[in-house]
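Here are my notes from going through this one, set out as numbered points. Have the structure open while you read.

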Amino acid sequence: MPWIRPSKPVGDARNDFDIFRGLAEQLGTQDAFTEGREPEDWLRHMYDRARQSATELDITMPSYDDFWEAGHVEIPSPNKPVVMFESFRRDPRSNPLPSPSGKIEIFSEVVDSFGYDDCPGHAVWREPIEWLGGPTAQTYPLHMISNQPRTRLHGQLDNGRGEP
């Protein structure tokens with residue numbers, strides 16, 4: 001079934017792009033935000049970048065227009081599962097990581113040697129400067145919330161399976 005292009009929003013409703021374009025306009029950064037692209041241009045641009053990356057992996061993807069007509073793209077699964085740091089895990093001595101110790105570092109002597117009060121050599125909780133419980137929220141109560149994946153600490157690199 002062909003993909004159906006969305007119709008105009010009902011009433012005063014706006015899509016995410018138009019909402020953030022409006023915020024960027026108010027902040028004087030609309031040109032930097034849109035980069036001269038409309039939503040359809042961004043879709044085409046992002047798809048073309050993904051298509052180029054796929055080509056580098058010997059994966060063929062259809063043109064944007066063919067993809068849009070079909071409504072989906074099927075990417076073949078790799079023959080074997082991808083294991084992060086596979087060679088390091090198999091033989092850490094022969095396949096060191098690009099860290100000073102060649103290992104996964106929980107504590108960094110290099111970072112610690114900087115002597116910064118706000119940046120120790122290990123992970124720590126730091127209260128954010130801007131959050132709803134902070135003093136800035138009294139003046140600027142805008143708060144953005146993004147997804148919290150069930151299987152990850154945060155949404156970054158959330159490319160794992162959906163179940164724990």
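1. Let's begin with the rings. Seven aromatic pairs turn up in the structure. Keep in mind as you read that this is a predicted model.

2. One of the pairs is Tyr47 with Phe67, and it is stacked: the ring centres are 4.7 Å apart and the planes differ by 10°. This pair ties together distant parts of the chain, as Tyr47 belongs to helix H3 (residues 39-56) and Phe67 to helix H4 (residues 64-70), with the two positions 20 residues apart in the numbering. Are these two residues buried or exposed? Tyr47 and Phe67 are both buried.

3. Another pair to look at is Phe114 with Tyr116, which comes out as tilted, at 5.6 Å centre to centre and 45° between the planes. Phe114 counts as partly exposed because its relative accessibility is 44%, and the partly exposed class runs from 20% to 50%.

4. Back to the stacked pair for a moment. Tyr47 and Phe67 also belong to a cluster, joined by ring pairs, that takes in Tyr64 and Trp68 as well. If you're colouring the aromatics, I'd show those four residues together.

5. Which ring has the charged end of Arg37 sitting over it? That would be the ring of Trp42, with the charged end 4.5 Å from the ring centre.

6. Now for the surface. Ile19, Phe20, Leu23, Phe33, Leu142 and Met144 make up a nonpolar patch there, and together they have about 600 Å² of accessible area. Which helix gives the most to this patch? Helix H1 (residues 16-26) does, with three residues.

7. Ile19 is a handy residue to pick out of that patch, and it lies in helix H1. Its relative accessibility is 32%, so Ile19 is classed as partly exposed. Patch members need over 30% relative accessible area, so the 32% of Ile19 meets that cut-off.

8. Last stop is Val111, which you'll find in helix H6 (residues 109-113). Val111 has a relative accessible area of 26%, and is therefore partly exposed. What does Val111 touch, once neighbours within four places in sequence are set aside? Its contacts are then Cys119, Pro120 and Gly121. As for His122, eleven residues along the sequence separate this residue from Val111, and the C-alpha to C-alpha distance is 8.3 Å.

Terms used:
Residues numbered from 1 in each chain as written. Predicted model: local features only at pLDDT ≥ 70, side-chain atom pairs only at ≥ 80, totals over all residues. Heavy atoms only, no water. Patch = residues over 30% accessible without salt bridge, like charges linked within 9 Å, V, L, I, M, F, W, Y side chains within 5 Å. Areas by Shrake-Rupley, 256 points an atom, 1.4 Å probe, with all protein chains shown as cover. Salt bridge = Lys/Arg side-chain N within 4 Å of Asp/Glu carboxyl O. Helix = DSSP H or I, 4+ residues; strand = E, 2+ residues; numbered from the N terminus. Buried < 20%, exposed > 50% of the residue type's maximum accessible area, 1.4 Å probe, protein only. Phe/Tyr/Trp six-rings, centres within 6.5 Å; stacked < 30°, edge-to-face > 60°. Lys NZ or Arg CZ within 6 Å of the ring centre and 35° of its normal. Contact = heavy atoms within 4.5 Å.
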